[in-house]
Structure formats: C-alpha cells, structure tokens
Amino acid sequence: MIHKYKLNGFNIVVDVNSGAVHVIDDLSYEMLDYISAPLADELADDVVSKLSNKYAKQDILESFAELKELYDNELLFSSDDYEKFANMMVSAPVKAMCLHVAHDCNLRCKYCFASTGDFGVGRKLLDESTGKMAIDFLLENSKGRKNIELDFFGGEPLMNMEVVKSIVEYARSKEKEYNKNFRFTITTNGVLLNDDYIDFINKEMSNVVLSLDGRKEINDLLRPTSNQKGSYDIIVPKYQELVEKRGHDQYYVRGTFTKHNLDFAKDVMHLNELGFDQISIEPVVSADTKDYAITEKELPRIFEEYEDLAKQMIEKKKEGKGFNFFHFMLDLDQGPCAIKRLRGCGCGNEYVAVTPDGDIYPCHQFVGMEEWKMGSLYDGSFNKEMKANFAKANVYNKSECKECWAKFYCSGGCNANNLQYAGDILKPHKISCEMQKKRLECAIMMKAALA
C-alpha cells in the first residue's frame, strides 16, 4: 500500500508497510497511477503509451527502473509484515497511570470533556491514603517493568498539591525496594501556580502540560475562571516563569481550538511569541450540536490552516528560530515499535486512570462511564477480561483502519473518542481521522522541506 500527495511543491509518496518516504519527480508521481505490486521487470507498453504524450520514452523507462529498484528493495509496495502480530496482542503489565487528584477545577472551560472538572459525579479531592493505594497498585501491576509513569491530573491538580507532594514522596520511598523508577508528570491550568509549586514541579516532574488556548481573546472566550473572568492574564506570567526556571524542553503548552478560532495557526505563533517552544493546539472533540464544535464542514478550512502553519514553521526553522508543534513531531528514522504501531496508547491495558474514589477506568476520558469501570483500589478488583479486550484492540480489528494509509502513525485513534462519537472503540471517529491524516501529510512535507 502506498499513499501519494502533493504539498508545498513536493511530490511525496509514503510506502505504508515499510514506513519509507520518497520525494519524487512529476513523471514518477504520474506513473504510480498506472502501476501496482507486483511490479514486472519491464513497464507495460500501454503505460508507456499513456505517458508518452508528456514525457520522452527514455525518461519514462528510466523512471520505471528507479521505481522498480525501490520495489525490489521493499521500499515501495512493500508487503505487510505487521498483520501476523495482530492476534498476538495480549495483556501487558501496567506501565502508566493517570491519577485524578482533584475532581474539581477553578476554571469553567466550556468545552471541558470532564464537565468542568467533576466528571459529572460531584466535586471532590483525592485523599493521601487513596493516593498511596494507587502507588501500591501501580507497583504491583507493573510487574517486571522498571520504568513506570504517573500523571497527576484533574480537574485541576494544584487544588490538591499537598497530597501530590505526599504521593511523590511515598513513591520515591518505594523505588529502591521495588527496583522501579517513577516518571511523574502533571497537567495544570496554572491559576494556582506559585514559586513553591513551580520549584516542586521543576524538581519532580519529568514533564508538565500547561493549558492555554493561545491569544488572549481566544483563551478567555472559552476558558473563564469560576467567577467568569478571563484566565489569560493570570496564567501567562506564571507559565513563563515556570518554563524559564525549568531550563529544558520537557514541557508543553497545550491548547484547544474550536470553530471559534479556525485561524489557530495564529494561536500557535502567539504562544511561540510568548517564549514557548513546545506547543500543542488540539482540535476540540465534542458533539456537533455545540456552538464551538468542529464538523465536517470545517475540515477544508482546518486543512488550509495546518498547511499554513507548516509553512510558517519551515521559515522559522530556516531562520534558526524553530519550535516544536506536537502534531508535527515525527521521527521517520526510528518510528514506533510494532506493538505501538498496532494499538497505540495502551488505554485499558498498559495505561489506566484512578479517581478520587479509588475507581479504576481504562483512561481519563472513560471516567464516569460506569459500564467501563475496571475495578476499585478498595476491594482489590481489576477486570482482567476488559483489560485483555483492550489489549486486542488494534488497527487490524478496526475494519476502517485496516486499509488506511495512516494506520501505523495513529494506531487506530483514541478509543474513548471512538466510543463516544462513533459508538464503538473499534470504530474510528472520522473527523479526528481526517485531521490526523492532514497533520501527518504536513509533518512529512516539513521533513522534505528541511532535509
């Protein structure tokens, strides 16, 4: 399987199964409309005839010879070596946990998937004893894994920061005993950041996610405080202080774009102007009845914006002022391992979420869906059958993904979004798919432009 497209003056061909990417001339690009695997040793006369009205015969034959060489080296129309692994997907030790330390928030973001912080089940904070139980669960269920991850999440985790500190201290005290290495992260809206919290985060958190939607008018439109005031002026100086003191790139500023700012490239560039060089602006995922919702009608405009952002980033990079945009970060040399290619984030299998009540869910976006509750820290239950089913979810049993050129990059998309908006974890959310494919095309093009 191949995928070919034109963007920013480049003719690009992606060989799906090998991961090879080729930048080719117009003749080779057109020839790929007429040939497919298995390639014969010589180009068929009718293909030569079809191309001869634009190209010299010798050029046509030379072009085919180059494509045939790629084919022979399994870099074009390569065979699928991954499907045989699809049925081998089994439960794996848990390696990461999203720990909900606060089902409460001091912002009232209008697009919040967590119902402004309480996940629809009431505002509450995690207590220290439940937090320690969560660490014990992770130590036990990570089995032989040495490196394990825990993300402090909410709502807003800074509303329960003293418990966060206690949990970190407890986890660190167990590392040597269990031969583990904890990697902590935290996601915050920044309202409660102070010097003490900044110093603690920069010492203990391997990564930190800072929520901000971009320009002041855009951020404050949908991210007001609980008293309906704008949040931009409160949090921006605090983020700048944290990042300056942090001194490295293990952070990112993460925003959301909606129908209200389809010119979101301006928000990305604004965040960079504020001094941030690790940036993510994600599309809102919501019911299409919301006034801010992204629907299929907005996709052409969004595609234009991604292309414009990619071109601006190329120029910034050439000027020596480059920065990272999360959705354009792509390693074409190494790539993910086979398992990562097939099933993605590990939701419900290698990754779980734990609530202030000690309930276990497949991930943070499943929290509050009682039918997807996997167990409880309090009674020691953990639904291994559900875990095994999540382990089996991969691009080969997602029928719409199996024939998609982008399947090994997105690994079937977000299971929670698939469930909520397509009705099944095995059915992709199509709008998200289309945006993902456009981002991939832009990211690959950027590699070509900067090679």
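Two helices count as roughly parallel when the angle between their axes is under 35 degrees. I start there because the first pair I want to show depends on that cut-off. What you have in front of you is a predicted model.

The pair is helix H4, residues 128-141, and helix H5, residues 161-178. Their axes cross at roughly 30 degrees and come within 9 Å. H4 and H5 are therefore roughly parallel to each other. The crossing of H4 past H5 is right-handed. On the H4 side, the contact is made by Glu-128, Gly-131, Lys-132, Ile-135, Asp-136 and Leu-139. H5 contributes Val-163, Ser-166, Ile-167, Tyr-170, Ala-171, Lys-174 and Tyr-178.

Next, the sheet. It is open, has 11 strands and mixed pairing, and the order is E12-E11-E10-E9-E8-E7-E4-E13-E14-E15-E16. Strand E12, at 324-325, and strand E16, at 381-382, are the edges, each pairing on one side only.

Within that order, look at E8 and E9. Strand E8 covers residues 181-188 and strand E9 residues 205-211; the two run parallel, joined by five bridges. To pick out one position, Thr-187 has Val-209 in E9 as its bridge partner. Across E8 and E9 lies helix H8, residues 232-246, and its direction is at about 160 degrees to E9.

Now to the hairpin of E2 and E3. Strand E2, residues 10-15, runs antiparallel to E3, with four bridges between them. Val-14 is paired with Val-21 of E3 in one bridge. Five residues sit between the strands of this hairpin, and Gly-19 has a positive phi there, near 85 degrees.

As a reminder, side chains in a regular strand alternate between the two faces of the sheet. Strand E3, residues 21-24, has one covered face, with His-22 and Ile-24, and one uncovered face, with Val-21 and Val-23. So the Val-21 that bridges to Val-14 belongs to the uncovered face.

Last, a single residue, Asn-272, in helix H9, which spans residues 265-273. Is Asn-272 buried or exposed? Its relative accessibility is 14%, so Asn-272 counts as buried, the cut-off being under 20%. What does its side chain reach? The side chain of Asn-272 comes to 3.0 Å from the backbone oxygen of Phe-276. Setting aside neighbours within four places in sequence, Asn-272 is in contact with Asp-277, Ile-279, Lys-316 and Phe-323.

Notes
Residues numbered from 1 in each chain as written. Predicted model: local features only at pLDDT ≥ 70, side-chain atom pairs only at ≥ 80, totals over all residues. Heavy atoms only, no water. Buried < 20%, exposed > 50% of the residue type's maximum accessible area, 1.4 Å probe, protein only. Polar contact = N/O pair within 3.5 Å; in protein donor to acceptor, adjacent residues only side chain to side chain. Contact = heavy atoms within 4.5 Å. Pairing = 2+ DSSP bridges. Axes fitted to C-alpha atoms, helices over the stretch in contact; angles between N-to-C directions. Parallel < 35°, antiparallel > 145°, perpendicular 65-115°, else oblique. Left-handed = near helix turned anticlockwise from the far one by under 90°.
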